[in-house]
Amino acid sequence: MEPKLVERLEAAVARLEALAAGGGVSSRGLPDIGSDMSSDPSIVAFNDLMDQYAAKVSDAAEKIGGQVLDVTKLLLEAFSVQKQLLVDIKQTQKPDMAGLAKFLEPLNEVIMIVTAKAEQRGSEFFNHFKSAAESLSALAWIAYTGKDCGMSMPIAHVEESWQAAEFYTNKVLVEYKTKDPNHVEWAKALKELYLPGLRDYVKSHYPLGPVWNASGKKVSTAPSKAPPPSAPGPPAAPCPPPASHFSSESSKPSSSQPKQGMSAVFQEINSGSVTTGLRKVTDDMKSKNRTDRSGVVTTIEKKPRSSPATTAPKVGQPKLELQMGRKWAVENQIGVKNLVIDDCDAKQSVYVFGCKDSVLQIHGKVNNITLDKCSKMGVVFKDVVAAFEMVNCNVVEAQCQGIAPTISVDNTSGAQLYLSKDSLQASITTAKSIDINVLVPGADSNSDWVEHPLPQQYIHVYKNGQFETSPVSHSGA
């Protein structure tokens, strides 16, 4: 291992130990949480996740030993840190982007240690290191703050992150298929930890991201003080902090960085470089001294402007194409009833935008489907791995002929959802939506569809120190 990489790993471990010494996350084993949180359903389920799936990965790594065992311990440490963060979220107010990056620092530290190990291309266990490093990006689902945060929904994020890691676990399976069954067991156990392990956990408890405590404590963004050294010794080599997986987008400007946008314009004006070389206006060039111009203002007949009501709205170019091999873009289709996507797979997504009075059929399994700003649109699909979403739509219909684990309806008016028998276990989430009806198959093949309207009005009653919410039920007179 190169000396620089060793120094980098040692510095990251030192930061983790400092966090543990300051009352933060324990650096060994699962964190010790208070008794008031130990019975929380989401925390109990996380313990079950570790007992059922993480234990298999650990057992397989123990049989292999060496560097594979070391990287596995770090991987399980990241899960341990995430558990503590989930406990803290229940007692913390939702922070801004800078506060969120500060809050997630302990998790980022562990992930970056594993990422540093994955940089060792000369190691015989390079594929093991890359499998662990790529898979840990799935834990970033905890940073989901809404549809505008720039990342996929939690369930879809876990799925997509594992797809990147599976490229390397497949190499481990091929390399050790006939050499050592322990490595094969390790690769299979690692996949089960995420699929179905982490994915099902997120689906059951946090399908829309973590739930912060509005009345909890605030996240402190003040830099923590470094603990004093325990024993004198030679100073450690300085290590630049690794790039965060959860860094906020708005970073503070540095005086050494060039200014951009309007700041650059004003800087140029103040420096005088913009006005350098301009010609001086002499007296004979001024308007009041010009003899070729008269002060009489003449009227010019203007052409009547077209009424805004008659101006047709701008519509983008119609699209039905596969972009970068990962995303099907269906955009601005107007009055097309025979849109079909045939050649698709479970790693691809479908994004339908700005379509009207059209019908789209998707033959095959895809990762997720999103309808955005569509009206009078119909979609028929087979299976989705992550979720089917409708956002900002009006009068749309969707029929699932296979399996859809999660269905999300946001800011939509008038939606009809047809579910197959295989998709009756789907988790349906609605927000700011009205006139949502779900139709399910009847008792037998000859029965009609049974329609179930989803409630859009709720009653909130304060009882026993908390609000109880129930849908409004109407009775005819």
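# Notebook: helices, cores and paired strands

I began with helix α6, whose 13 residues should span 18 Å at 1.5 Å a residue, and I found its end C-alpha atoms 19 Å apart, which agrees. I then looked up how far α6 is covered, and 11 of its 13 residues turned out to be buried. The buried set in α6 includes P106, L107, V110, I111 and V114, and also N108, E109 and K117.

**Confidence.** Before going on I noted that this is a predicted model. The chain averages a pLDDT of 79, and 71% of its residues score at least 70. I marked residues 19-35, where the pLDDT is below 50 and where the model has 28 contacts beyond near neighbours in sequence. I also marked residues 224-242, again with a pLDDT below 50, which have 8 such contacts in the model.

**Overall make-up.** I counted 10 helices and 14 strands in the chain. The chain has 477 residues, of which 39% count as buried. Taking contacts with a separation of 6 or more, I found that residues 24 or more positions apart account for 43% of them.

**Helix α4.** I next checked α4, which covers residues 66-89 and has 24 residues; it reaches 35 Å from its first C-alpha to its last, close to the 34 Å expected at 1.5 Å a residue. As for its surroundings, α4 is mostly covered, with 20 of its 24 residues buried.

**Largest nonpolar core.** Which residues of the largest nonpolar core touch the most other members? Among its 61 residues, I found these to be F79, L193, Y194 and L198. Two or more residues each come from α3 (41-64), α4, α5 (97-103), α6 (105-117), α7 (126-136), α8 (154-176) and α9 (181-205). Of these elements α4 gives the most to the core, with 13 residues. I then followed F79 on its own and, leaving aside its neighbours within four places in sequence, listed its contacts as F46, L49, M50, L136, L139, L193, Y194 and L198. A second, separate core has 34 residues, and I noted L360, C374, M390 and V409 as being included in it. As background to these entries, I kept in mind that in soluble globular proteins nonpolar side chains tend to be buried together.

**Helix α7.** I looked at α7 for its burial and found 10 of its 11 residues buried, so α7 is largely enclosed by the rest of the structure. Its buried residues include F126, F129 and L136, along with N127, H128, K130 and S131. When I asked what these buried residues pack against, the list came out as α4, α6, α8 and α9.

**Paired strands.** I traced the pairings beginning with β2 (residues 327-331), which 5 bridges join to β4 (residues 349-353), the two running parallel. Within this pair, W328 has V350 of β4 as its bridge partner. β4 in turn pairs in the parallel sense with β5 (residues 356-372) over 5 bridges, and here V352 has L371 of β5 as its bridge partner. Moving on to β5 and β6, I found a parallel pairing over 13 bridges, in which K365 is partnered by D383 of β6.

Is β6 (residues 375-391) largely enclosed or largely open? I found 14 of its 17 residues buried, so β6 is largely enclosed by the rest of the structure. β6 also pairs in the parallel sense with β7 (residues 394-400) over 6 bridges, and V380 stands opposite Q399 of β7. In addition, 4 bridges join β6 to β8 (residues 406-410), again running parallel, with E389 opposite S408 in β8.

**Cysteines.** How many disulfides does the count come to? I recorded 0 disulfides, with the cut-off set at cysteine sulfur atoms within 2.5 Å. I checked C393 in particular, because its closest cysteine sulfur, in C374, is 4.9 Å away, too far for a bond. C393 counts as buried, at 4% relative accessibility. I also looked up C400, which is buried with a relative accessible area of 3%.

How values were computed:
Residues are numbered from 1 along each chain as its sequence is written. This is a predicted model: local features need pLDDT of at least 70, side-chain atom pairs count only at pLDDT 80 or more; totals for chains, interfaces and linings use all residues. Side-chain values use heavy atoms; hydrogens and water are left out. pLDDT is the predictor's confidence in each residue, from 0 to 100. Contact means heavy atoms within 4.5 Å. The expected span of a helix is 1.5 Å times one less than its number of residues. Buried means under 20% relative accessible area, exposed over 50%, partly exposed in between (1.4 Å probe, protein chains only). A nonpolar core is a set of buried Ala, Val, Leu, Ile, Met, Phe, Trp, Tyr and Cys residues joined through side-chain atoms within 4.5 Å. Two strands pair if DSSP finds at least two bridges between them.
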